[in-house]
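Reader: Please give me a close look at a single part of this structure: its interior, with the rings and the turns that go with it. A plain account will do.

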Amino acid sequence: MSSIPRPVSSPLALLRRWVVDYFNAHSPEAAREFIAPDYRLEIGDALFDGRDDAWLPAVDEQMQRFPGLGMTVHEVVPAADRVALFFTQHGARGGAGGPIAAWSGVAIYRTQAGRLASCVAQEDYLTRSRQLKSGHPDPIDAPAASPWDTPTLAQDPQAESLVRGWLGSHWPAHVDQVRCDDEYLTGRRLRFEVEKVEIGELFSSGGRVAFHARQTGRYIDGLDCATTERARRQHLNCNGIVHVVDGRIQSGRVIRDRIGLRSRLTAEVSS
């Protein structure tokens with residue numbers, strides 16, 4: 001029995017165009033073909049509202065800083081109108097001969113009328129900063145063997161409920177095979193006491209659950225900066241893809257806005 005061809009405007013097909021035709025080709029012209037003019041990117045606490053006036057100029061600035069910037073895809077989670085992506089961006093600052101860095105991210109894209117309409121993402125800029133200072137890039141995870149053939153599976157409400165509860169627990173709620181940021185490389189853990197969680201996005205494809213959340217609570221330690229007790233009352237933006245098997249979270253990848261958190265802590269101390 002032959003499979004039904006996936007429509008060109010499916011979330012997965014749009015994401016493929018994003019990675020191959022736009023990002024890795026550094027082609028804003030291609031982006032305008034399949035990304036809506038009112039496209040919005042939320043990353044950390046920043047909002048880039050509008051494809052041509054806000055978002056494309058911001059990405060172009062980064063591509064100028066890293067002329068050979070590329071993206072490696074590790075995992076995608078497709079749904080009816082959304083798709084999540086775990087990826088690594090990598091390149092040399094200033095081009096050939098410059099310091100090299102590789103930093104990971106998790107993004108969730110929404111589609112509308114056959115175009116990409118919005119994205120909420122987290123990228124680990126703190127680990128990028130560490131690598132650029134040290135001059136030693138981190139290793140890059142293996143690429144997905146066939147990301148654009150990933151099937152869209154039925155949602156799993158029980159897996160979604162489990163992840164919602166996990167996000168509201170003391171952070172990090174350790175699962176050995178869930179990698180947060182670059183902790184598995186540096187051994188330095190960010191500790192954050194969660195009191196409340198707001199779920200911005202959460203969906204599943206089978207047992208794979210993608211999410212965007214804002215945790216509010218108290219920063220304990222793990223970032224190299226001075227702070228005060230008042231400054232410790234903070235929020236922490238995080239995105240992730242985790243895998244639920246037999247009613248348990250067994251593995252996954254989480255990226256948190258640590259550089260935003262550190263900036264807020266530092267600003268509170270300085271004020």
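Author: Buried means under 20% relative accessible area, exposed over 50%, and partly exposed in between (1.4 Å probe, protein chains only). By that rule Y22 is buried, because its relative accessible area is 2%. F23 is buried as well, at 3%.

The model is predicted, so local features need pLDDT of at least 70 and side-chain atom pairs pLDDT 80 or more, while totals for chains, interfaces and linings use all residues. Numbering starts from 1 along each chain as its sequence is written, and side-chain values use heavy atoms, without hydrogens or water.

Start with the rings. There are 9 aromatic pairs in the structure, a pair being Phe, Tyr or Trp (six-membered ring) with centres within 6.5 Å; planes under 30 degrees apart are stacked, over 60 edge-to-face, the rest tilted. Y22 and F23 make an edge-to-face pair, because their planes meet at 80 degrees with the ring centres 6.2 Å apart. Both residues belong to one aromatic cluster, whose members are W18, Y22, F23, Y39, W55 and Y109.

Two arginines lie over rings (CZ of Arg, or NZ of Lys, within 6 Å of the centre and within 35 degrees of the normal). R128 is placed over the face of W103, at a distance of 4.8 Å from the ring centre. The charged end of R179 is set over the ring of Y184, with 4.0 Å to the centre.

R128 is part of α4, where the buried residues are L126, T127, R128, Q131 and L132. Helices (H or I, at least four residues) and strands (E, at least two) are DSSP runs numbered from the N terminus. Just after α4 comes G135, with a positive phi near 80 degrees.

R179 is in strand β7, which runs over residues 178-180. It is counted as partly exposed because its relative accessibility is 36%. Leaving out residues up to four places away in sequence, R179 has contacts (heavy atoms within 4.5 Å) with D141, Y184, G252, R253 and V254. The list thus includes Y184, the residue whose ring lies under the charged end of R179. R179 also has its C-alpha atom 8.5 Å from that of I255, a residue 76 positions away along the chain.

The loop between β7 and α6 (183-186) holds D181. D181 has a phi near 50 degrees, which is positive although the residue is not glycine. With 1% relative accessible area, D181 is buried. A113 has a positive phi too, near 55 degrees, and is again a residue other than glycine. It sits in the loop that links β5 (100-112) to β6 (115-123). A113 is at 82% relative accessibility and therefore counts as exposed.

Now the space between these elements. On a 1 Å grid over the protein atoms alone, a cavity is a set of points where a 1.4 Å probe fits but cannot get out; a pocket is an open set with protein on both sides within 12 Å along at least five of seven lines, and lining residues have an atom within 4 Å of a point.

The largest cavity has 16 lining residues, and those nearest its centre are A102, S104, D138, Y184 and R253. Y184 and R253 are also among the contacts of R179. At least two lining residues come from each of β5, α4 and α6, with β5 giving the most, 3 residues. The cavity lining has 6 nonpolar, 4 polar and 6 charged residues, where Ala, Val, Leu, Ile, Met, Phe, Trp, Tyr, Cys and Pro are nonpolar, Asp, Glu, Lys and Arg charged, and the others, Gly among them, polar.

The second largest pocket also involves α4, which supplies the largest share of its lining, 5 residues. Both α4 (125-134) and α7 (258-270) give at least two residues to this lining. In total 13 residues line this pocket, with L126, R130, R188, D224 and R262 nearest its centre. L126 is one of the buried residues of α4. By class, 2 of the lining residues are nonpolar, 4 polar and 7 charged.

The largest pocket has 30 lining residues; L41, I43, F48, E123 and Y125 are nearest its centre. Helix α3 (residues 51-65) makes the largest contribution to that lining, 6 residues. The lining is made up of 18 nonpolar, 5 polar and 7 charged residues.
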